[in-house]
Amino acid sequence: MMKLDRSIAVIDLETTGINPSVDKIIEIAIVKVLPDGNQQIKRKLINPEMPIDPSSTAIHGITNEMVANAPTFKQVANELRQFLENCDLAGYNSNRFDIPMLVEEFLRAGLDFDADKHRLIDVQRVFHKMEPRTLGAAYKFYCNKTLENAHSAEADARATWEILEAQLQRYPELENSIDTVLKFIGEDEVVDFARRMINKDGVVIFNFGKHKGKPVEQIFKQEPQYYDWMMKGDFALNTKQKLTELFNKFMLKK
């Protein structure tokens, strides 16, 4: 069993699409595992206040009618934030999808959710280092079980936790703590979840567009209007939040 120094919340989302800037959460399931091994489950359908793309419904089976009377994310945001307080976070492909989407929804609801206060375990990263396959294949490989109700958020979140536990047993080099797993998978240092900026050798650089590969501080000083352009552009709120933090840091530095 994984040695936990605080609770870990395993998160799985179903959404209207895959773009955190414009798409919304329609279902969230959280399996919170306490240090004593006990589990607390929270699952909610969410009204996204926008149509669900039929191609998304074809994957997860959630229709517009199913969420018509569900609460909006803003209505449950504070409850969810409190449930995740003082927890580390885990999921499957969560650092590239579930966590960025969740952070974006919190920001749209007017609540700051500082992911830097949570250690982030992406179970897919361990799996892809060892056995690059899907969640269902991972569940079969590590747990010798068939994943029933795939793309049901609760089933996927439960399976993800079981996979992580099985990985700890299978790979002694992971040891049995959040920190040792993070050390093994070498999680990159996230600047913004959309990865418009990345940290390379301690320097934050742009990761897109005409200034790709150039230090953010350099561009801000040479072309401060680039900050204004990004703030007015169709970028994720999390990207704009981090951009403003860096702009203030670099431009106010004496």
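In helix 11 (residues 237-251) of this predicted model, E245 and K242 are 3 residues apart, a separation of about one helical turn. The two residues form a salt bridge in which the closest N and O atoms are 3.7 Å apart. The partners differ in burial: K242 is buried, with a relative accessible area of 14%, whereas E245 is partly exposed at 42%. A search of the whole structure finds 14 salt bridges, and the points below describe further examples together with the nonpolar cores, helix 6 and the surroundings of K44.

**Salt bridges**

- D88 and R119 meet through their side chains in a salt bridge of 2.8 Å, N to O. D88 belongs to strand 4 (residues 88-91) and R119 to the loop between helix 4 (94-108) and strand 5 (120-122), so this pair ties together parts that are 31 residues apart in sequence.
- Both partners of that bridge count as buried, D88 with a relative accessible area of 1% and R119 with 19% relative accessibility. For R119 the assignment follows because the limit for a buried residue is under 20%.
- D88 and R119 also take part in a network of salt bridges that links them with D5, R6 and D179.
- In helix 9 (residues 216-222), E217 and K221 lie 4 residues apart, about one turn of the helix. Their side chains meet in a salt bridge of 3.0 Å, N to O. E217 counts as partly exposed, at 22% relative accessibility.

**Nonpolar cores**

- The largest nonpolar core has 31 residues, of which M2, I121, Y142 and I163 touch the most other members.
- Two or more residues of this core come from each of strand 1 (8-15), strand 2 (25-33), helix 5, helix 6, helix 7 and helix 8 (178-185). Helix 7 gives the largest share, 7 residues.
- Another core, of 28 residues, lies apart from the largest one, and its members include I11, V76, V103 and F106.
- When residues up to four places away in sequence are not counted, M2 touches W161, L164, E165, L168, N176, S177, I178 and V181.

**Helix 6**

- Helix 6 spans residues 135-143, and its residues L135, A138, Y139, Y142 and C143 are buried. Seen down the helix axis, the buried residues fall within an arc of 100°, so they line one face of helix 6.
- Helix 5 (123-130) and helix 7 (153-170) are among the parts that cover these buried residues.
- Y142, one of the buried residues of helix 6, is also among the residues that touch the most other members of the largest nonpolar core.
- Just after helix 6, N144 takes a positive phi of about 55°.

**K44 and its surroundings**

- K44 is placed in strand 3 (residues 39-45). This lysine counts as buried, at 19% relative accessibility.
- The side chains of K44 and E79 are joined by a polar contact of 3.3 Å.
- Leaving aside neighbours within four places in sequence, K44 is in contact with I26, E27, I28, V76 and E79. One of these residues, V76, is also a member of the core of 28 residues.

Key:
Residues are numbered from 1 along each chain as its sequence is written. This is a predicted model: local features need pLDDT of at least 70, side-chain atom pairs count only at pLDDT 80 or more; totals for chains, interfaces and linings use all residues. Side-chain values use heavy atoms; hydrogens and water are left out. Buried means under 20% relative accessible area, exposed over 50%, partly exposed in between (1.4 Å probe, protein chains only). The arc is that of the directions from the helix axis to the C-beta atoms. Contact means heavy atoms within 4.5 Å. A polar contact is a pair of N or O atoms within 3.5 Å; within protein, one must be able to donate a hydrogen and the other to accept it, and residues adjacent in sequence count only if both atoms are side-chain atoms. A salt bridge is a side-chain nitrogen of Lys or Arg within 4 Å of a carboxyl oxygen of Asp or Glu. A nonpolar core is a set of buried Ala, Val, Leu, Ile, Met, Phe, Trp, Tyr and Cys residues joined through side-chain atoms within 4.5 Å.
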